[in-house]
Every structure is written in C-alpha cells, then in structure tokens.
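Here is a friendly walk through the overall build of the model shown below. Have the view open as you read.

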Amino acid sequence: MTIQNPPEIDSRKIREILWERKKEVVVSLKSCAHCALCADSCFLYRCRKNDPKYMPSHKVINSIGTIYKKKGKVTRAELEEIRDIVWKRCVLCTRCYCPLGIDIPSLISLARQICRSQGVVHDFEEGKIE
Amino acid sequence: MRIFDFINGPMVWFSFICFFAGTLYQVIAFYSLSKSRARHPRYQQKTDLTRKREPEILDRNSLSYRFAMFRLTVFGRDPGMMLTTTIFHVTLLLTPFIVLAHNILLDLSMGISFPSLSEGATDCLILVVLACCVFFLARRLLVPQVRAITTPSDFLMLLMVAAPFLTGILACHQIGNYDIMISAHVVSGEIMIMALPFTRFIHMIYFFINRFILIHENTLGKGGSRVWR
Ligand code: HEM
Ligand code: SF4
Ligand code: SF4
C-alpha cells in the first residue's frame with residue numbers, strides 16, 4: 001500500500017473563501033475588545049475547568065484570526081491545529097454570548113469551511129474501538 | 001508657535017471630519033455588504049385554552065426565579081467587570097461634553113455650549129475614567145483568561161483612551177509644563193477621535209450594528225433585519 005502525500009495547501013482557494021466574507025471577519029476581529037466576558041457562556045469552557053483555550057474568543061482568534069492574519073498562507077500543520085480547535089473545542093451550539101454581539105459560531109463555521117476546502121477535517125473515527 | 005496653531009485650528013476640524021466621514025463610510029459599507037432578510041418568527045408558546053393546564057413546577061414570575069435568571073447573565077457572572085465597564089463608558093462619553101473649558105471654547109467658536117459641571121465634579125469624573133483604565137489594565141495583567149487573549153493593541157487602546165484624560169487633568173491643574181501638557185492633550189484627543197471609526201474603537205459603531213441590526217442568537221430589540229452578504 002502506498003501512502004499518498006497530502007496535496008499542497010491551496011492558499012488561493014482559502015483567500016477566495018475568506019475574501020467573500022472579508023468585512024464580517026475584519027470587523028469581528030477588530031471590534032473584539034479581548035475582554036473575556038464570553039468565556040463563561042461556553043459550556044465546554046466550564047467543563048474544562050475554565051481553561052482559557054476553550055474561551056469562545058480564544059477559539060476565534062486562533063482559528064479564523066490566524067488564517068486572516070496570514071492572508072490564507074497557512075501550512076498544513078497550522079491548518080491541522082486549527083482543525084483541532086474548531087472541531088474539538090467547539091460544537092457550534094450557538095450559545096456563546098458576547099456583549100458586543102460578535103457572532104462567534106458563524107466565524108468558527110467559516111474556519112471549518114476553510115479547513116474542509118483543504119481536506120483537513122476532523123477524524124470522526126478517532127478513538128473508535130475496532 | 002506655528003505647530004500649536006495648527007493642532008488647535010485646522011487639525012481639530014480635520015479630526016472631526018475624519019470621525020464623521022469614517023463613521024458614514026463604515027455604515028455605508030455595512031449596508032452595501034449585507035442584505036435584508038426577515039427574521040424567523042421567534043418561538044411563542046401558544047396558550048391552548050381547551051387543554052387542561054399542567055401544574056407549573058416553576059413560578060416564572062417569582063422574584064427568586066428572576067433573580068436566579070439574572071445571576072446567569074453576564075452582569076450576574078462578572079458583576080465587578082460589568083459595573084466598571086458601564087461606569088467607564090458612561091463617564092468616557094459624557095465627560096468631554098461637560099468640561100467647562102470645552103464649553104467655553106465651543107461658545108467662542110460656534111456660539112453653542114452644553115451644560116457644565118463645577119471643576120471639582122469634572123475632576124472626579126476624569127479620575128473615575130482613569131481608575132477604570134487602571135482596573136482594565138490590572139485585569140489584563142492578572143486574570144489568566146484575559147491575559148490569554150491580550151495583544152499589544154489592547155494596551156495601546158487603553159493608552160489612547162487614558163492619554164487625553166490624564167493630560168487634560170494635569171494641564172487644568174498646571175502640573176508640569178502647561179504648554180506641553182495642553183498640546184499633548186489636544187493631540188491625543190484628536191488622535192482618538194480620528195481613530196474611532198477605523199481602529200479597535202470601531203466597536204462603538206459595530207456594537208449597535210451587531211446587537212440591533214444583524215440577525216443572530218443574541219440580537220436585541222426586534223431581532224434584527226439583515227445578514228452579511
Ligand atoms: C457608545 C458606544 C460604545 C459601546 C456600546 C461600547 C461597548 C463596549 C463593550 C461591550 C466592551 C467590552 C467590555 C469591556 O471590556 O469593557 C467595550 C470595551 C472597551 N471600550 Fe467600548 N463601547 C463604546 C464606545 C467606546 C468608546 C468611544 C471608547 C473609547 C474611545 C471605548 C473604549 C473601550 C475600551 C478601551 C474597551 C476595552 C476595555 C478592556 O481593556 O477590557 N468604547 N466597549
Ligand atoms: S468575543 Fe466578545 S465577549 Fe469575547 S473577548 Fe471578544 S468582545 Fe469580549
Ligand atoms: S458555539 Fe462553540 S464557542 Fe460557542 S458556546 Fe457553543 S461550543 Fe462554546
């Protein structure tokens with residue numbers, strides 16, 4: 001059996017997806033006051049003993065924020081890290097509350113869309129007992 | 001001094017024009033990049049009178065129930081922060097309008113003025129703003145959750161807010177070199193006004209767009225009327 005090398009990351013494609021919703025991403029990232037008031041509203045954050053990595057704003061900044069900052073030029077390793085953020089640390093339950101009204105689930109789902117476009121997706125079989 | 005005349009004259013006009021034009025630009029950009037959509041009607045429990053009502057386990061009108069619900073809001077979860085930020089924003093927006101010196105200048109140049117408070121009262125308001133800034137700074141440095149998402153721009157943001165207030169109160173009480181203080185006050189105020197629609201302070205505009213116009217889980221008021229794209 002031959003192991004195929006994963007295809008290169010197509011940063012042009014990522015940019016295309018990102019640019020379609022550029023203003024939304026830019027103003028959301030810009031208007032976030034980095035105040036951490038959204039933390040308590042995420043049940044995963046509270047289950048994980050208030051681990052900052054599970055704060056809604058932390059997830060947004062380190063997923064779509066990273067992709068935007070690099071203008072789509074992310075490596076596969078970075079994208080895999082982002083995949084773990086947007087699939088393992090968020091379930092898109094849309095319950096997070098930001099006083100400034102930043103739509104966090106919408107940004108996380110955009111990051112998922114970008115990951116999916118590069119074939120970087122969560123392994124739903126992970127940990128399955130054979 | 002030429003530079004002093006410039007920052008006290010044309011520069012003031014320029015920064016206000018910058019602020020209004022920038023705000024207008026942001027609002028127009030928002031409307032052109034979003035589209036109108038009707039919100040799904042919110043779920044409403046129909047009171048079916050023919051059905052026998054089940055006994056209520058929870059008295060949703062009771063004070064204790066309401067208090068329990070309030071404790072779940074962001075005000076109940078983090079009262080210290082919410083109280084500080086409310087006081088901060090109210091005094092921040094109010095103080096510039098009721099400073100006596102500002103109103104005298106306004107009266108001299110345009111013949112209009114707002115009511116002013118005594119000098120002692122304005123000093124207190126300025127100190128409140130500065131104290132809130134110190135609270136935010138301390139929170140940024142000490143609370144691990146906030147520190148995890150802090151970037152240098154957050155400190156710059158606090159500095160940009162604090163600078164006009166600090167230099168203003170110092171100039172007013174002739175602490176330090178008055179000429180330098182008052183110029184620093186005018187310049188830092190102008191920089192902040194110009195930066196409002198373009199930098200992180202854009203939240204002043206987008207708070208209202210996000211919470212009242214865009215449709216999402218936490219929209220206030222009528223539930224919003226537009227979506228992105
Ligand atoms: C009228 C509109 C405004 C609204 C509704 C608003 C609302 C908010 C909210 C909800 C937060 C997050 C909570 C917090 O961190 O305190 C915030 C943070 C902040 N706002 Fe505003 N704001 C407004 C105008 C302004 C203006 C005009 C300025 C400054 C010139 C400003 C400066 C700040 C700063 C510096 C923070 C961050 C505080 C921190 O470091 O945690 N705001 N604002
Ligand atoms: S997403 Fe909202 S609540 Fe969370 S840190 Fe940013 S501004 Fe604060
Ligand atoms: S949508 Fe994600 S970030 Fe928001 S509350 Fe649910 S799990 Fe947390």
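The accessible surface of chain B comes to about 15,200 Å² in this predicted model, and carbon and sulfur atoms hold 71% of that area. For chain A the exposed area is about 7,100 Å², with 51% supplied by carbon and sulfur.

Let us turn to the folds. Chain B is built from 11 helices and 2 strands. Its order along the sequence is α-α-β-α-α-α-α-α-α-α-α-α-β, so you will find one strand after the second helix and the other at the end of the pattern. Chain A has 7 helices and 0 strands, giving the pattern α-α-α-α-α-α-α.

How do the overall dimensions look? With 229 residues, chain B would have a radius of gyration near 17 Å as a compact globule, but its value is 23 Å. Chain A, with 130 residues, has 15 Å, which agrees with the value near 14 Å for a compact globule.

The table puts some chain-wide values side by side.

| Chain | Property | Value |
|---|---|---|
| Chain A | C-alpha box along the principal axes | roughly 50 × 40 × 20 Å |
| Chain B | C-alpha span along the principal axes | about 85 × 40 × 40 Å |
| Chain A | Buried residues | 50% of 130 residues |
| Chain B | Buried residues | 37% of 229 residues |

Contacts add to the picture. Among contacts with a separation of 6 or more, residues 24 or more positions apart account for 72% in chain A and 63% in chain B.

Finally, the charges: chain B carries 21 positive and 13 negative side chains, and the centres of these two sets lie 16 Å apart. In chain A there are 24 positive and 16 negative side chains, with centres 6 Å apart.

Note on methods: Residues are numbered from 1 along each chain as its sequence is written. Chains are lettered from A and ligands numbered from 1 in the order in which they are written. This is a predicted model: local features need pLDDT of at least 70, side-chain atom pairs count only at pLDDT 80 or more; totals for chains, interfaces and linings use all residues. Side-chain values use heavy atoms; hydrogens and water are left out. Helices (H or I, at least four residues) and strands (E, at least two) are DSSP runs, numbered from the N terminus. The radius of gyration is taken over C-alpha atoms; the globule rule is 2.2 Å times the number of residues to the power 0.38. Buried means under 20% relative accessible area, exposed over 50%, partly exposed in between (1.4 Å probe, protein chains only). Contact means heavy atoms within 4.5 Å. Accessible areas come from the Shrake-Rupley method with a 1.4 Å probe; for residues, only the protein chains shown count as cover. Lys and Arg count as positive and Asp and Glu as negative; His and the chain ends are not counted. The place of a charge is taken as NZ of Lys, CZ of Arg, CG of Asp or CD of Glu.
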